[in-house]
Each structure stands twice: as structure tokens, then as C-alpha cells.
Amino acid sequence: MATTPPTPAPATLAAWLRTRSDEQLGALLVLRPDVARPAPSDVVGLATRLAVPVSVDRALDELDAGTLQVLDVVLLATTDGVSRADLAAALPGAPVEAAVELLTDRALLWGDDVLHAPEPVRRAVKHPAGLGRLRTPPPADVEGDLATADDDERAVLETLARENPVGRLPVDNRGTAPAGPARRLLQRGLLTRIDAANVELPRQYGLALRGDQPYGPVRTRPEPPTAQRDPAVLDRRAAGAALEAVGRVGELLTALEEDPAGLLRSGGMSIRDQKRLAKALGVDESVAAFVVEVAHAAGLLDLGGPHRDEWLPSRGYDTWREQPLPERWAQLAAAWLDSVRLIALVGQRDQAGKAVNVLSPDAVRHTVPAVRRVLLEALRGLPAGHGLATDDLLALLRWQSPRRADRFVLVPDLLAEAETLGLVVGGALSSGGRGLLAGGEEGAADAVRGLLPEPVDHVLAQPDLSLIAPGPLVAELARTLATVADVESSGGATVFRVSDGSVRRALDAGWSAAELHDFFARASRTPVPQALDYLVDDVARQHGRLRVGAIESYVRSDDHGLLSQVLSDKRSAPAELRRLAPGVLVSGLPADEVLAVLRTAGYAPAGESSGGAVLTRPPGRPRATARPGTRPPTGPRPLVAEEVEATVREIRAGDSALAARREDAARHVPGVTTASTLELLGRAVREQRQVWLGYVDAQGSGSRRAVQPLTLGGGFLTGYDEGKAEQRVFAVHRITSVDLVDDDARPE
Amino acid sequence: MSDGPLIVQSDKTLLLEVDHPQSKECRAAIAPFAELERSPEHVHTYRVTPLALWNARAAGHDAEQVVDALVRYSRYPVPHALLVDVADTMDRFGRLTLANNPVHGLVLTTTDRAVLTEVSRSKKVAPMLGARIDDDTIAVHPSERGRLKQALLKVGWPAEDLAGYVDGQAHPIELDQADWHLRDYQQEAVDGFWAGGSGVVVLPCGAGKTLVGAAAMAEAKATTLILVTNTVAGRQWKRELIARTSLTEDEIGEYSGERKEIRPVTIATYQVITTRRKGEYRHLDLFDAQDWGLIVYDEVHLLPAPIFRLTADLQSRRRLGLTATLVREDGREDDVFSLIGPKRYDAPWRDIEAQGYIAPAECIEVRVSLDDEERMTYAVAEPEERYRIAATAHSKLPVIRRVLDRHPEEQKLVIGAYLDQLEELGAALDAPVIQGSTTNREREKLFDAFRAGEIKTLVVSKVANFSIDLPEAAVAVQVSGTFGSRQEEAQRLGRVLRPKADGRQAHFYTVVSRDTLDSEYAAHRQRFLAEQGYAYTIVDAADLAGRGEVNGPDWVDEPSD
């Protein structure tokens, strides 16, 4: 596939990279996006970048156990480089060719016929094939040494020869080290010490113990048995869960609208609020925590209130609840998928023994979205309707990315969350889940359309004063009912109850008795029970006997004649006074204005202290001020095709120019920070000269900005950003280029 | 999207749309595992509780049937989690079994060792367990049988009791069905009970629970102890048993405050059994006085706590509980389940009513406006006095009279809670008053006269709430009550629900004072009645039409407002 004609095999990784086609280089950038940002200037730069340990680890982490085993064979080879044929022979029956493709595409192996492992890859794999390091000096008689082991010792050796060559020495509870097989082995040199507590089985012995399978059993993809169910049934159950999830989020936000939860000093929501919400929702606290977290991730719940210290429904909620069910659900599901919060941590105790609160910043784990996606993708690989038991799924995931196996402890929790949302049912991915993975939020909504019930526009009124909405309600009716009745039970249907309290609330909200009668008659498909009409009339009769209003100021006097005079005086008209009771005039204007008007009119009013005067305004519905549609940060954005093309072009161009042009390296510092970059920056700080900085931020977006450097140290540059007009800190390793402004009046 | 009659709610209530064509079959499918909670006109509410699921399991239903019924009739997708939860809960019943081992006697055995280990480590359960016989079996002392079942239910692993019963001392009892026959549902109830061994039969007031008891005795053919709420109810039982079975007067004993007879069939009151002197129960010997083959608990929902404790010791005897409702105001439904037994039969009121065995009842709330003086008195009254003042307002009297005048031919009961008011009403209406201090002899005399139709109107206090049979009372007028208790409502309604000879409609009036606590309590009762599915009408006293007037009872059934 190389574009160059067959020539002597390339001798270095950079030389081999040069032989790769543009497509292959592009593919490499896509597979290892961290090396593409910032763009390397040429192939040597690319090769250097590929050698960065973090990058190598990241690339290895994505490989499955079978592929890693092929890599292990190369790493364990005594020669430098292994031919494809030898590889295939070493692992009979394994799909070696495919694995080699995967490895070379990622430049974890290089070479065309003979495959080489770059040195950083060797360093990154600590125990190739689960074997320990070579013992130096090498044992003289491996078989002879092993033959000395008694049964106990043999058992220890075989355990260490299996998967993990490192073991921990047993320590009893007094802290002393009892003599045991491991210690005896250590004394005889069959084990080597790593540190005070850990020992390792040297590679020589490990290989001998493994016999004719030096690389362990061939690691083929596990094919666990799947449970098959009718996809239609499965989807109905998923839809049930989806419906419930949407309903609960709605209920939660209604509850918070009535009574917001407070923000803890440490961030998050208090346990008391969590308990209260759990009670309001009729679920246990962990479910309540999940609902709160999902609502927050979907941007429906945020901080608001006058002091930004209350958890409130956001404006996004107002938009959300107007949408059809499938869209509402999809928004929740998509937000959950991308959320960096590990909800299962809520309620657990951290290392300091402190419980993690709902919405607490302590629950952020940046790996979580990846694990969620990996697990759903694994299920997506099964045919529709097929599901995996959790243990089998775990085994499959461990095979898929063995180097990340420790992350998969999250899987059972995340799987349970996915079930709660209706993405997964009994270990099988639902249509909604498939839609979400394939088409994001829109795809998810489309996939469940038709599965979720159509909204109904009526209720059934019953003589016991309950109103039953036999399905999800159209938004307008739901809003009205929330005012005139209380929710008693929710789920597929909603049971509302009309009580004197709820009728009074409706009257307070400006409804008249006639409007309520009319509303019930219109909304109910069954005849409105007599008792309901009586209830409305009974409450309406009592309503409004006491009146409460708000005024800004009052004028009072014992001289009623004087007050009448003020009231009829044209000059005092701007004070907007009216008589509330004999001896008291009130105004909607503030006291100082009224005072001024009266003084101008020739009266001699005196201000009165505010003791007892209440200044109130009817409260509006509180809302968080969060940006509509914004969500908490999710991972870095992926590379788009144009970016990849441009980067490859750049590398090629830089490469061809490399040989020709070698001057002025400092003016365009390639991504890897060099001494000259630092020198240039250091000079700029000393001489207080402005520089043009090429900079890539944490999200991978590049920018070019004029900066007045202030200090340089510890890998960071502090400077005044002219464009942003603020002081900022720049990580030196993200600086892609430095130009002194004076050298060059304008950027290139 | 299917279009079933059932909607499953996330709090495990089930809403059944009654007018749906499939509602009947759906009701039959869910009845075994869901308790009917409310049955108003259009949508009935059932609740799936662990106890209900275990009742179903005890009756031989399995989780698959339950899940299938939910999925089949549900209009909307049922959340998977709920189905899993239902299956898990049902699965918990029967993992543990109490059985008789030929060698070791009573033992607790399991099909799941982990469960046996779990419960044997539980602090609540462990003290009641004996020696471990093998991995799956633990010996249990027979005296702990009841308490063990209670404790196991509390830890969520209810045991199935298959340890059987002693036969008790045989005594011939036959049903004497010469001029009557056991109704189908009564026969089903007896069969269900007998097949299950012990348990509770749920039948509405007036549906003939006494006969179910009698038939169960005829099945057992053994000495029987019958526990009833009070003496009058006891005599009622005695009368029924003499009339409907081969038992004679001499074979039936009364064990009450007045008499202490122990005969092959003995009827005892709750009160006498729970009487204590110097902190000790005086009449516990009764339970050992005979080798009882059957114990019948009338009105299980009222069973006092001490009797539960005694019942825990009677687990080797067959127990039959009779009740109109499993709902206990004290929430001890689980003790009924573990100590008396699971529900063996249940028929909803409305169905039995539709079969014509209970008179259909019409409930009417009559609202009376207080006069200004009464309003003033009410307004300034102490909070604890307010209800009494509202309920006993004199303005009610002319209205009560007017209500009674609407039904000159019927047998009428006026029910109240305040003695002053009752005396006053008795005098004003010229009707005899029965209250707490009325002697049993006097009560019997008045009831007989009422039954015979010699007295048309009786004024009764709450002593009449329980278990006196007044078959011909077709009109009840409630003038005051005890704070709107559900229990009281069911009992009072029961007074007029007894089958009427000619299938006439029964009338249940409540006279309340408008805009007072009285009408607030009335709202509670109204809700209860509406939930039971009764038509409930509110009428202003001023609009109450008299007999023969427009809208009066002779013209249409329901007065309009």
C-alpha cells in the first residue's frame, strides 16, 4: 500500500512513516488524535510526537486483548523485528493479520514485512504477555531450579506464571512476615523483589512454566451466550422505563419549582433536599439522586435565585416540557451519555469518609462518558433483541480493552442507569439506545417515536374528586392541572386530586369559580361530578374575604379633613394617592417621592419610620439564569475530516521543506517545546516585549494572540492577553509558535 | 400501541378503566395479586403490594402469570424494572417452608440455602430457630411457629406453612339447607379456605360471612371457637348457626362478660378475652379448654393486638378470618397474613351487589345552614369543641324530620355519636334510643320490635356500629360521627346494605352543617363512599323535596340539587 516503489525496507519509524500514503497518515491522525494537535510540522515531528508516553498509553488502551497479544509476541522476540509469518506461527488460530493492521495503522508497530516495535511501546508494556522482567544474571538451570519447588511453592509459581507476574508477599496482622512458600522462593532466586512488599516471577521461569504456550492461551474474542427476546417486547419495556424517567424528571422539576433546593457550601445539594425530593417522587434516595443528576446534565436544572445559591429549573426546562415525549426523552438520554459525572458515587463515602452529595463537584470522572459509550457499543454489536448477562458483558469489555479493565468496575452501575433510562433492557440495547448511538439525540428521538404514547387532551373526573389523565397530557392541560389539582400518582397515567387547597390555589392564581367549572367541564370526558362543582363553589365562597395588597407608601393623619383636602388637591395629584380607609391614604410611589410632591404642594408632611409597613411585590416564578441549551462540559471535540486533511498536508509540506530549510527554528516552534522557545519567551519576559503566541487550548482549538509575557516558570507562561484584555496563564507545551512582535509587525 | 384497559403507575398502583370492553377479564386477571383500593365510577385503583403478591403466590399463582397479566392488559409500556421487582418479590415466598418432619417434628426447610443462612443470621429470627439438622433444614419448636412466621415476613422472606393442623375433637356439624342454599360465592370462599388450610375470606358487609363460617364448620366437623367483636354479634352468630346448621342451642356456648359457657361450639367476644386483671389475661384458658378443630375470627380487621399475640400460639389449629376489608387502620395487615393466613377469597362489593345480594345504596349529603346564633357559637368555640357544636346544631332537627318523612314506610335508623343529641332526637322524633348504657335485654327487645316492623325508627349511638343485624333498615340518617373514620363509614353503610326482602333501594343520608368542621369530615366520608363506588349526591336542605313533591322519592330515585 505504500506509495513509494519497493525499495530497501525503511530503517526508522520516521522513514517508514514517510512511505505511508496520505490516507494512511490521515488514518493515523484520526486514530491518535492527540498527536494531531497541535499539528506536527513534519514527519520527524510526527514521529517524536508518537513517542510521547501518554500518547502511546492512550493508543494501547484502545486495543483488545487479541491485538495486544500479537504485540506481545513482537515485544518478547529476542530478535529486533519479527516477520509476519513468524507472528502467525506463534499464535496458531489467532487473526494475526488483522491485529497487525490495527497495530501498524496506529504506528504501534512499524515495518512492512518485518515488524518492529518502537522503543516507547516497549516501555509502555510493562509485562508483555503477563511475563515478568528478565532476571539478571539469567538463571543457569531454569528447569533444575523449578524442580526444587515443593507443591506449595509450585502453586505460587503457577499462579504468577498465569496472567500477572507480580505478587504481594503475605503479611500477618502483626505486620511481621511469616515464612511461607513465596519467601522461600525469594530466597532461592525463583522470585525477585520489586520493593518491600511485592515480588515478581522472572521471565525465564515464567516461560518455562508455560511450556509450549509461551504467550499464554490464544486470546480470541469471547463469544458469550446471549439471551434472546422479542425486540418488540423489549422495546415496549424500554419505552416503559423511558416514560417513567421523563415523568420523574418532570415531577422533580415541578417539586423544585415550588421549593428550590439550597446549594451547599461544598457544592451540590444537601442530603435533606435529596430525601425530600425522594419522598416527593415516591422513590428511594438513590433513584432521586439519579433523576436530579440527569435533569442537571440535560440542562433542565441549574443554579439560580437572587444569590445563585438555589437549585432551580432552568429556562431550558420551559422549552423541554413543551416538547413531544420522544424529544424530551432523547434530551435526557443524550445528556446522560455525555455526562462526565459518575452518578453512582453519590451517597458513597470518599477516602476522607465524607459522603458525596448529589450534584457535588466530587462526582466528576472524565472517563465515564467513554465507559458508557464503550458498554453501549458492545451491546450494539449484538443482533436486535439479544442481550448479555452483566458478567459476560464485563468479560467481553475486559477482552476489548484489557488495559482499561479497572474502569469497568463502573459497568454494573452504568448499566443499571441505562436500564433506568430505557436504553438497555435486561442486558439488551433497545431501539432507543441504538438510535442514540447512531444518530445522537435526534436519532434517539426518532427511534422511540411510535413507542411512546401520544399525549391525551382530556381527563376522567370521578366522584371521589380525582381526575385521571389516562396517558401523558398535552403540555397546556398539564400546566393547568398542575395549578388546579395535586398529583397523587404518576406513571403511564397521572392521578390528580382536587382538594380545597388546590382550588384555593387556582383562585389565588386568578381563576374564577366560573372559569374552573368551565375548565373541568371542558377537560373531563366524563360528566363533572356534582361533588366537584360543590367543592369549587364552597371554596370560592370563602375566597377573598381578606384582601392583601402591596403599596409603597402611605399618608396618614388624625385630621380626616386634611386628608380629604390632600386627596382633592390638584397639586398633589402626582403623588397618586387613594383612600384606603378613613385616616389613611396610600400610594404606589415611594415615600420620598410622595413627600416631595406634598412639600411642593405646600403641605408640611413628615416621614414616618418604616416599622410595620411591608413592601412586597408578588413573586415571579424563579428561574436559573443558566444559558439555554448549554450543558456541563463533556470531552474534547473529535477531529473533523477537513482538519485531518489539512494536518496531513501540513506534515507533508513541512517534511519536504525540512531538508531544504533549517534556519530560524525558533520563529516557528513545532509543538514539542524546545529550548529555543523557552529562550525566546525568556527574552520577551526580560525585555518586556510583546509576542505573538500560537496556542492550542485544552479543547484542541488553536488560536493566535498577542501577549505581553510577565513571568515564565514551572512550565507556564503568565502574560497579558491583548485580545482578551485579561491576564492569562499559558501552558508552555501548548504553545505552537512564538514571534516577537517587534521583529514582525504583523503575524504571518 | 395496544389499547388495554389497564394503566400501570410507577408507585405500583394499577388504574383500571371500567368502561373498557376488556375491563372484566382484566379485573379477573389482576384480582389475585392486586388489592382493590378505590372503585369510583370510571377508573378503579388497585395496589400491588408485597403482601398481595404473596397472597397470590400462596393461592398458586406464579410470577409469570402476574407479569403476563400486567403486560397483556396494560395500555402503555410497563417499565421493565417494575416487572423485575414484581417477579423478585413473588419469588421470595416459598423459598422457606415450615413443614412436619417425621423425625424432627416442625422444621424450617428451604430450596435456597443462601436464604436460610441469611434468615438464620438475622437477629430477629435467630432466637426462634432450633438446631440445624442439615444444610437445608433447621428445627423449630412448635411454640415458635407463629412468631417465626411473623419475624420471617418482617425480614421479607415469608414462609409457606405446610406443617398441617391438628384435627381437633370431632363434633358432627351439618348445614341444614332445607329452605336455603349456600350462594356460589360463599361456596367458593369455603372451598378456597379449606384448600388453603388457614386464611382470610374477604366479603362485604351483608354478603353472608356468617354462613361462610357455618359452612367451614360443617367442613371441619370439629369443635369450634368463634371470636366476635361483641355480645350482640355473638348472639347473632348463635341464632344463625341454630337456624342454618344441625347444631342445637345446647351445643353452642356463649363466653362473654355475662356468661362463661364452654360448649363444643363456643362464641367468645374479643373484649372478654382481652380483659386483664392485675396485668394478666384472665381467660386464656379458653383456648385450651377444648381441643378446638377450628377457630373463626369475625371482623379480622378489628382484631385487637393482644389476640394476635395469643393467635401466634395457635398455629397448629385451623384458622378462618372473616372480614369486609383487609385494610386495618393500624396497618397490621402483615400480622393478619402471617398469623391467620393469606387471603383465600375476595369478592368486590360491587360485583356481589350486581348479583343482587346486597341492596344498592344511594348516599345523600344534606347540607344545613346554621342560624346566626349557632354560627356565632361555632366561631367562638374552642377548637376541640367545634365539631361537637357543628354536629349537634339544632338546625339539623327539622331537616332530619323532613328526611324521615320522605320514607314513611321504611325502617329507619338515625345514627349519632353524641348522647345529648340522641336523647333530644329520640324525644323529638318519638323514637326509642339505643346507646351504650342500654342493657342487652333492652337492646334485643327493641331490635326484635324493629325487625318485626313494630318500631319504624330507631335512634342509635355508635354501639350499633358493629355486627348487629338489622335486616330491614332501608334508610340510615347519620347526624354526627367520630371524625370521619373510614372504618365507621363502612360499618354504618353496612347497616343499610343488608339484602332487602323486595330488592328496594337503600338510602344513606348524612346531615351536615355547612361551612364547618362537620362538612369537612363529611368530605372525608364522601371520598370514602365515592371510592367504594357509591353514587353520592349533595343536597341543600332547602331543596330537599318531600314525598310526593317534585323530585321527591316517589317520582325519581335521586333528588336533584
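User: In this predicted model, what share of the contacts in chain A with a separation of 6 or more comes from residues 24 or more positions apart?
Analyst: Residues 24 or more positions apart account for 66% of those contacts in chain A. The chain has 29 helices and 24 strands.

User: How many residues does chain A have, and what percentage of them is buried?
Analyst: Chain A has 748 residues, of which 38% are buried. A residue enters that percentage if 20 or more other C-beta atoms lie within 10 Å of its own.

User: What makes the largest nonpolar core of chain A a core, and which residues touch the most other members?
Analyst: Membership requires a buried residue of a listed nonpolar type, joined to others through C-beta atoms within 7 Å. In this core 264 residues are linked, and Ala242(A), Val292(A), Leu332(A) and Ala333(A) touch the most other members. Helix H13(A) gives the most to the core, with 13 residues.

User: Which residues does Leu332(A) touch, not counting residues up to four places away in sequence?
Analyst: Leu332(A) touches Ala245(A), Val246(A) and Val249(A), together with Val294(A), Ala298(A) and Leu421(A).

User: What is known of a second core?
Analyst: A separate core of 47 residues exists, including Ala47(A), Val70(A), Leu71(A) and Val100(A).

User: How many residues does each chain bring to the contact between chains A and B?
Analyst: Chain A brings 33 residues and chain B brings 29 residues. On the side of chain A, the elements that each supply at least two residues are helices H13 (231–258), H20 (411–421) and H25 (530–542), with strands E14 (466–469) and E15 (486–490). H13(A) provides the largest share, 8 residues.

User: How is the side of chain A that touches chain B divided by class?
Analyst: That side has 14 nonpolar, 14 polar and 5 charged residues. Gly is counted among the polar residues here.

User: Why is strand E4 of chain B called largely enclosed?
Analyst: Strand E4(B) spans residues 43–47, and 4 of its 5 residues are buried, so the strand is largely enclosed by the rest of the structure.

User: How do you know that E4(B) pairs with strands E2(B) and E3(B)?
Analyst: Pairing requires at least two bridges. E2(B), residues 13–17, is joined to E4(B) by 5 bridges, and E3(B), residues 35–38, is joined to E4(B) by 3 bridges. Both counts satisfy the criterion, and each pair runs antiparallel. Thr13(B) stands opposite Arg47(B), while Arg38(B) stands opposite Thr45(B).

User: What joins E3(B) to E4(B) along the chain?
Analyst: A hairpin joins E3(B) to E4(B) through 4 residues.

How values were computed: Residues numbered from 1 in each chain as written. Chains lettered and ligands numbered in written order. Predicted model: local features only at pLDDT ≥ 70, side-chain atom pairs only at ≥ 80, totals over all residues. Contact = placed C-beta atoms within 7 Å. Buried ≥ 20, exposed ≤ 12 C-beta atoms within 10 Å, placed from the backbone.
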